[in-house]
Structure formats: C-alpha cells, structure tokens
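Subject: Handing over the structure

Hi,

Here is the structure I promised to pass on. Have a look at it first, and then read on for what turned up.

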Amino acid sequence: MVMRIALPGQASAAATTEVPLEMLSACHGRVQTQCETLQRLCEHLPRHGADSAAVQAVEAVLRYFRLAAPHHHADEEADLFPALLDAARGPDHTRVRQLTRALIEEHRSLEGLWQRLESELEQVRSGHAGALARGTVDAFVAAYTQHIEREENELLPLAARLLDAAALTRVGSAMRERRGIAAP
C-alpha cells in the first residue's frame, strides 16, 4: 500500500512540500481514500439515490481529482522525473528512463479513465443516481491502485536512494510554487 517515505531527520506527522517524497506518498493515500469513496457510492446510490450524502461525496471526489491529482502528476512529470534522470547514472539511468516513461503513459491512461468517470459523477451530482457505472469505477480504481503500487514500490524508493537534499529541496520548492504556497 502507501509507503509514507521517511527521510532521516525530516519525518513529519503531516507530510508537506518540505519533504516532497513523503508528500507524494501522502497524496497516494488521499487517492486511495477517494477511490474508497467511489466504491461506497456504487453501493449507496442504488439504495438511497442521489441524496445529499451522495452529492457531497461526489463533490469531494470531483474537487480532488480536478485539482490535487493534476498537481500530483505535474509534481512527478515536471519536477521529480527530471531530477531523477539528472541524478541517475549507468544502469540506474536506464531504469529511471524506462520507469518514468511508463508512469507518464499510466498518467495519460488515468486521465482518460477520469474523463469518463467525471462525466458520470456530474450526472449523479445533477440527480441521476443511475449514471455511475460500477464498471467505470472499478476500472478507475484498479488502474489507480496498480499505479500507486508501482510508484510506492519502485519510484519513491528509487528517488529516496538517488536524490540528494538539494534536489529534494528543488522538487519541494516547485511543488509549493505549483500550489501557490509561500516558502517556509
């Protein structure tokens, strides 16, 4: 599941951009929470319809995947992946190049799955309880689960091994800038 990378002397209860690998891992936990909400919605809607609880859940999922998830993908593609490619040498460089290319392809696939799911969630939000297809949710959740496992088991440990403090500081700074967070 979620690794929650701990860097010596920098572990924190709430991951921040000061410890970017921990923050990326924490984002994975939040994605898993949203996926669990989607699965609960599939159980809730046939029994209760698009009631206020369902609409609130839909709005939370929409908010997360419209803002936080794109930031997370950008954190990786624009900042973490290039930092890893710069830091890696020899066989590590080949591995990083292959891994980052595959993860970028997975991001595009996840974004495509999200577009379909987003449309169905908007219909539920408008009162159409039957619009959310279990197959759409299952495909999205399965793809994200596999993606998170790959990042937790391969990407983040590789980043923890290869990136020095200066590179991590640059990644964290870019993450803050992307989110409009002031420097500490």
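A quick word on naming before anything else: helices are DSSP runs of H or I with at least four residues, and they are numbered from the N terminus. With that in hand, "the segment after α5" makes sense as an address, and Ala-182 is found there. Please keep in mind that this is a predicted model.

Let me stay with Ala-182 for a moment. Its relative accessible area is 61%, so Ala-182 is exposed. From its C-alpha atom to that of Phe-140 there are 33 Å, with the two positions 42 residues apart along the chain.

**Helix α3**

Helix α3 covers residues 91–125, which makes 35 residues. At 1.5 Å a residue it should span 51 Å, and its end C-alpha atoms are 49 Å apart, so the two values agree. After α3 comes Gly-127, which has a positive phi, near 105°.

Inside α3 you will find Ser-109. With a relative accessible area of 43%, Ser-109 is partly exposed. Ser-109 is 16 residues from His-93 in sequence, and their C-alpha atoms are 24 Å apart in space.

α3 also holds a salt bridge of its own. The side chains of Glu-111 and Arg-108 meet at 2.8 Å, N to O, and these two residues are three apart in the helix, about one turn. That spacing fits a general rule: an α-helix has 3.6 residues a turn, so residues three or four places apart point the same way. Glu-111 is partly exposed because its relative accessibility is 30%, and Arg-108 falls in that class too, at 38%.

**Salt bridges between helices**

How many salt bridges does a search of the whole structure find? The count is 18. Two that connect separate helices are worth a look.

One is formed by Arg-66 and Glu-122, whose closest N and O atoms are 2.4 Å apart. Arg-66 sits in helix α2 (residues 52–87) and Glu-122 in helix α3, so this pair ties together parts that are 56 residues apart in sequence. Arg-66 counts as partly exposed at 38% relative accessibility, and Glu-122 counts as partly exposed at 26%. Both belong to a network in which salt bridges with shared partners join Glu-59, Arg-66, Glu-118, Glu-122 and Arg-125.

The other is between Asp-75 and Arg-179, with 2.5 Å between the closest N and O atoms. It links distant parts of the chain, as Asp-75 is in helix α2 and Arg-179 in helix α5 (residues 165–179), 104 residues away. Are its two partners buried or exposed? Asp-75 has 0% relative accessibility and therefore counts as buried. Arg-179, at 22%, is partly exposed; the cut-off for buried is under 20%.

**One more stop in α2**

Pro-82 also has its place in helix α2. Its relative accessibility is 31%, so Pro-82 counts as partly exposed. Pro-82 and His-71 are eleven residues apart in sequence, and 16 Å lie between their C-alpha atoms.

**The inside: core and cavity**

The largest nonpolar core has 49 residues. Those that touch the most other members are Leu-41, Phe-65, Leu-80, Leu-121, Leu-132 and Tyr-144. Each of α1, α2, α3, α4 and α5 supplies at least two residues of this core, and α2 gives the most, with twelve.

As for empty space, the search of the whole structure finds one cavity of 30 Å³ or more. The largest cavity has a volume of about 50 Å³. Which residues line the largest cavity? They are His-28, Val-31, Ala-69, His-72, His-73, Tyr-144, His-147, Ile-148 and Glu-151. At least two lining residues come from each of α1 (20–48), α2 and α4 (134–162), and α4 gives the most, with four. Sorted by class, the lining has four nonpolar, four polar and one charged residues.

If you want one residue to start from on screen, try Tyr-144: it is among the core residues that touch the most other members, and it is also part of the cavity lining.

Over to you!

How values were computed. Residues are numbered from 1 along each chain as its sequence is written. This is a predicted model: local features need pLDDT of at least 70, side-chain atom pairs count only at pLDDT 80 or more; totals for chains, interfaces and linings use all residues. Side-chain values use heavy atoms; hydrogens and water are left out. The expected span of a helix is 1.5 Å times one less than its number of residues. A salt bridge is a side-chain nitrogen of Lys or Arg within 4 Å of a carboxyl oxygen of Asp or Glu. Buried means under 20% relative accessible area, exposed over 50%, partly exposed in between (1.4 Å probe, protein chains only). On a 1 Å grid over the protein atoms alone, a cavity is a set of points where a 1.4 Å probe fits but cannot get out, and a pocket is an open set with protein on both sides within 12 Å along at least five of seven lines; lining residues have an atom within 4 Å of a point. Grid points are joined across faces, edges and corners, and a volume is the space filled by probe spheres set on the points. Ala, Val, Leu, Ile, Met, Phe, Trp, Tyr, Cys and Pro count as nonpolar, Asp, Glu, Lys and Arg as charged, and the others, Gly among them, as polar. A nonpolar core is a set of buried Ala, Val, Leu, Ile, Met, Phe, Trp, Tyr and Cys residues joined through side-chain atoms within 4.5 Å.
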